[in-house]
Structures are given as C-alpha cells and as structure tokens.
Amino acid sequence: MIHLTKGLVPFWDDYLIDTDISSATLSVNKPQKRDVVMVCDKPWEGNATDFFTVINDDGLYRMYYEAWDLYDKPMTIKVCYAESRDGIHWDKPNLGLVEFEGSRDNNIIIEKIPDNFTVMKDENPSCPPEMKYKALLSIREIDYLSGNKQNMLALWVSADGLRFEPHSIISKGLAYDTQNSLHWNRHTGRYYCYLRAYLPAPEDKDSLFEETDVRVNMVTESEDLVSWSEPKLIAEKDELYPVYTNCVTAYPHDDRYYVGFPSRYVQRKEWTGNYDRLGGKEKRRERMKVSPRLGIAVTDCIFMSSRDNVNWYRFDEAILTPGIEDGENWIYGDCYPALGGLFETPSPFKNSPPELSLIVGNHHWMDSPVELVRYVFRRDGFASVKATYKKQTLLTKPFTFDGDILKLNFATSARGGIKLRILDESNNPIEGYSTYEIFGDSVDRIIDFDSPLSALRGRTVKLEFIMSDAELFSMTLE
C-alpha cells in the first residue's frame, strides 16, 4: 500500500497506477519549440559549443558551457559563462578573467580543461562559503605503478561561481567524458553524483546498430563528499542501449522529485542512402574524416523520473527529437538539454498559466554557430495518462488518503471528459465521493464532491478515473 503525503502527485511513472486493470495509457509528451534564446557566435566559442549547465542562484540564472572547435588540433576546451534574469534573454558579460587573442573582453572563466565542466550551487547548510559552488570535470592521470592512464572524476570548488580551484577526486576508473552532475537533496541530507560507465552490449548479429560497449548512467551517493557508495546502474530496462548524458535536475515545482533528460546515442553500422537524403551530406562526409561516427551517429532525448534519486522510471519513446530536417540537424550532438535548464517562464498567451521552459543546444558541430533553443511544456507535462475517445479507465493502487482538497492537472476535448470516483479497498464506491463529468483544460482544477475529503483522512482508498478523449498529468493533495 502507498502513503501519499500532501503535495504534488505526478503521473510520470506507474508508481500509483494499477497497470493490471487500467486501460488508459501512460506515455511521454513532446514539448513545443518556442524560440532561440542565445547564439554562440563569438570567435572563441567555436562550432562545438556544448554541455550547457544552468543554476538558479537566488533569481539569477547562471550558465556555464564548453567552447571548442571540432577541427582544433590540439583541441582546446574553454569554459564560458552567461547569465539571465528570466531564462529567456541571456547576456555574455566581459569578465576580464582570461585572455583570448590579446584581449580579456570575453566571457571565458577557464582557459583550458581536459573535458566537461558542470556546476552546482550547494544548498547544504553546513557547506563552507569557499565551497558554495562546485564543479565536476573529468581528468586522466598516469598510474605510476602500471604506467596506464586512469580516468578520474574531479571536484573543483569556488566561492563566487567564477573562480574555481581543484579540491578532490570523487570517482576513478569509469568513463566520465560526458555531462556528469552533482546534487544535494535536502530531504535525504545526501549528495548524489550521476556519471557514466560502459557495459558490454548484448549479442545480436541482426542489429542495425554499432554497439560493442553500451554507455549507461550510474549514480553514487555520499553524506560528506568524501566517502562515496559503489556506483549503481539507474533506470534498468529490458533493452540496453547507449545513453550519453543524464541531465538530472530537481523538479522546480516540487524538489521531492527529480527528472532527467538523457541524450540517447544511436550509431548505425554503415552509411546508407538515408544519409544522402537526410541533409547536410557534405558536412557529414567532412566530419567523418575526424571519425566515422561523426557522420553516421545521431542523438535524441528521452525522459526519466525518480522519487529517491536512486531508482528511476525511464520511457523508451523519445521526448525530444532533432525535428524537421534543416541540413544541420539529425547528427551526433542533437537534443542535449542544458543540465538544470528547466525553469518556469511566463506564457505569451493572455490569462494562461506559466510554462516550463527547457533549454536545448542545436546545430552542434556543423560549422555554424550553435543555438540555444527554448522548448516549452505545460506544468507537470512531461508525461501523462491518455484515453482515447472510447472510454478508458485509470485505477490507482490503494493508498492512505491525506488532504482536504484535490486538484487535477488535466485536459479534455469538448466532447470528452473525466468522471472520478473514490473507491474502498474492495473497489466499492464510497458514498458521497463521485463527481459530475469534468471537462476543460486546467493545471489546478479543484474537484468537488458531495462529502468533505477531510473525512477520508487516514483511510485506504483508490481513485477511479473514467476518461474519454482526455489526459491526466498530475494531481495535488492539499
């Protein structure tokens, strides 16, 4: 039996759904493409600007990102900085910290790093001021006993979020050439670090994909940033396929939940006629001179969510795809959302509730400036339970009820609707707790019953939604 505390209850997984009885379908929802919020067109930003990270620093959005060029030999990866008050309009301040081609009028904060740089602001009350901002980056050092190079995940710290210095090593021996992330969870009082490893690919001689080792996301946890647990595979599924990043962040509307937008890596075995028709053929061929996968591999984005930072529910259907072919997309590097780049923004439409914006990089490595594109979801709208025009049912598992008010985030057609009944453990309707037909489109509709919901406190109940041409995103108990 499940105990639901007051607050948000999203339908992003089957935690509350009785899947044996329910006929309505849980699936992801693709966002709407809204606008371009920043263009990486400075001379020092190159054509491979990526791994954007956003932190909300008391109302100031601070962005960190890597700037480099695919064809630089030797490769030089810089760390740059931008900021915004609304998440939509971004400035690249002249910081005067690093010289580039004889001038310090730029937004570079670190001249050169080995690979990847992601930042978090530590809200742990016991965090020393000089370590308030923390960054992860991967390094390779020589093991002097064996002479072999060893991969390491390093922790750097800063007092102001601009000037960082090395602090310690979090992990050794895995694959960290990705956008690793570090989080402090105030509810558990622990740190969680998401990083990458490789697992052997399942044997499948008929597979279309080039997969010998599969990239997977792992999580390790700590109370003190010194002692870390053994990394654990997250979001285990029947099918093992490469997942390149994790893009994990606390949900802005309720930080008891964490969401992730991992980029999925797909490499086919060879060039086919589809690549000739996909657009950007010449640029793809040029990229293949560096590595064949730079012309053949493509990436998209999937969605996952967690209630404890360790166990994750993952959808296999893409939540974000490269979109309409434009000659510079459908490449390796598409659909990399900014880590932490999920925040509430006003709707442009009159009397409409705020939206959730997700910032995503576009046109990576295609010899044109990388664009940051803003996509929008409705509140709690990453996934939902959907019903066709023919009536379908969503039945919850039994849970202990707590609250005086029930609100729904839902949408129906004009002819569709939802009827809600509260049942006992034996699936019998409880008198006084059946609704009239509910229709419309609202993120916080109060649901009326003949009897007060407070009378059900502490009682084990189920909710039965009978739905037609409708979808249910979340509910809230108050």
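This is a working chat about the pockets, cavities, sheets and aromatic pairs of a predicted model.

User: Let's start with open space. How much of it lies in the largest pocket?
Analyst: About 770 Å³. Its lining has 31 residues, and those nearest the centre are Asn56, Lys121, Glu123, Thr249 and Ala250.

User: Which strands supply at least two residues of that lining?
Analyst: S5 (50-57), S9 (115-121), S10 (133-142), S13 (181-185), S17 (248-250) and S23 (336-345). The largest share is from S13, with five residues.

User: And how do the lining residues of the largest pocket divide into nonpolar, polar and charged?
Analyst: There are 17 nonpolar, nine polar and five charged residues.

User: OK, what volume does the second largest pocket have?
Analyst: About 590 Å³. It is lined by 26 residues, with Met75, Asp115, Asp177, Tyr244 and Arg293 closest to its centre.

User: Which elements give two or more residues to the second pocket's lining?
Analyst: S5, S10, strand S11 (149-158) and helix H3 (293-296). S10 has the largest share there, three residues. The lining of the second largest pocket holds 15 nonpolar, four polar and seven charged residues.

User: Back to S13 for a sec. What order do the strands have in its four-stranded open sheet?
Analyst: S13-S14-S15-S16, and the pairing is antiparallel. S13 and S16 (232-233) are the edge strands with a single partner each, so one side of each has no neighbour in the sheet.

User: How many bridges join S13 to S14?
Analyst: Five, with the two strands running antiparallel. One spot to click on is asparagine 185, whose bridge partner in S14 is arginine 190.

User: S17 came up in the largest pocket too. What's the order in the open sheet with S17?
Analyst: That sheet of four strands goes S17-S18-S21-S22, with antiparallel pairing. S17 and S22 (312-314) stand at its edges with a single partner strand each, so each is left with one side lacking a neighbour in the sheet. From one strand to the next, the twist averages 25°.

User: What joins S17 to S18?
Analyst: Three bridges, to S18 at residues 258-260, again in an antiparallel arrangement. Alanine 250 sits opposite tyrosine 258 of S18. Ala250 is also among the residues nearest the centre of the largest pocket.

User: Switching to aromatics: how many pairs are there?
Analyst: The count comes to 29 aromatic pairs. Tyrosine 244 and tyrosine 336 make a stacked one, at 5.9 Å centre to centre and 20° between the planes.

User: Where do the two tyrosines of that pair lie?
Analyst: Tyrosine 244 is in the loop between S16 and S17, and tyrosine 336 is in S23, so the pair ties together parts 92 residues apart in sequence.

User: Is tyrosine 244 buried or exposed? Same question for tyrosine 336.
Analyst: Tyrosine 244 is buried, at a relative accessible area of 8%. Tyrosine 336 is buried as well, at 8%. Then there's phenylalanine 261 with phenylalanine 303, a tilted pair with 5.5 Å between centres and 45° between planes.

User: Which parts of the chain does the phenylalanine pair link?
Analyst: Phenylalanine 261 is in the loop between S18 and S19 (263-266), while phenylalanine 303 is in the loop between S20 (298-301) and S21 (304-306), 42 residues apart. Both phenylalanine 261 and phenylalanine 303 are buried. They belong to one aromatic cluster, along with Trp12, Tyr251, Tyr257, Tyr313, Phe315, Phe377 and Phe382.

User: Last topic, cavities. How many of 30 Å³ or more?
Analyst: Four. The largest cavity has a volume of about 80 Å³. Its lining includes Lys33, Asp334, Cys335 and Tyr375. S24 (355-362) and S25 (370-377) each give two or more residues to that lining, and S24 has the largest share, three residues.

User: What's the mix in that lining?
Analyst: Six nonpolar, three polar and two charged residues line the largest cavity.

User: And what volume has the second largest cavity?
Analyst: About 60 Å³. Tyr336 from the stacked pair turns up in the lining of the second largest cavity, along with residues including Asp50, Gln179 and His364. S5, S23 and S24 each supply at least two lining residues, and S5 has the largest share at three. The lining of the second largest cavity has five nonpolar, six polar and one charged residue.

Notes
Residues numbered from 1 in each chain as written. Predicted model: local features only at pLDDT ≥ 70, side-chain atom pairs only at ≥ 80, totals over all residues. Heavy atoms only, no water. 1 Å grid on protein atoms, 1.4 Å probe; cavity = no way out; pocket = protein on both sides within 12 Å on 5 of 7 lines; lining within 4 Å. Points joined across faces, edges and corners; volume = space filled by probe spheres on them. Nonpolar A, V, L, I, M, F, W, Y, C, P; charged D, E, K, R; others polar. Pairing = 2+ DSSP bridges. Axes fitted to C-alpha atoms, helices over the stretch in contact; angles between N-to-C directions. Phe/Tyr/Trp six-rings, centres within 6.5 Å; stacked < 30°, edge-to-face > 60°. Buried < 20%, exposed > 50% of the residue type's maximum accessible area, 1.4 Å probe, protein only.
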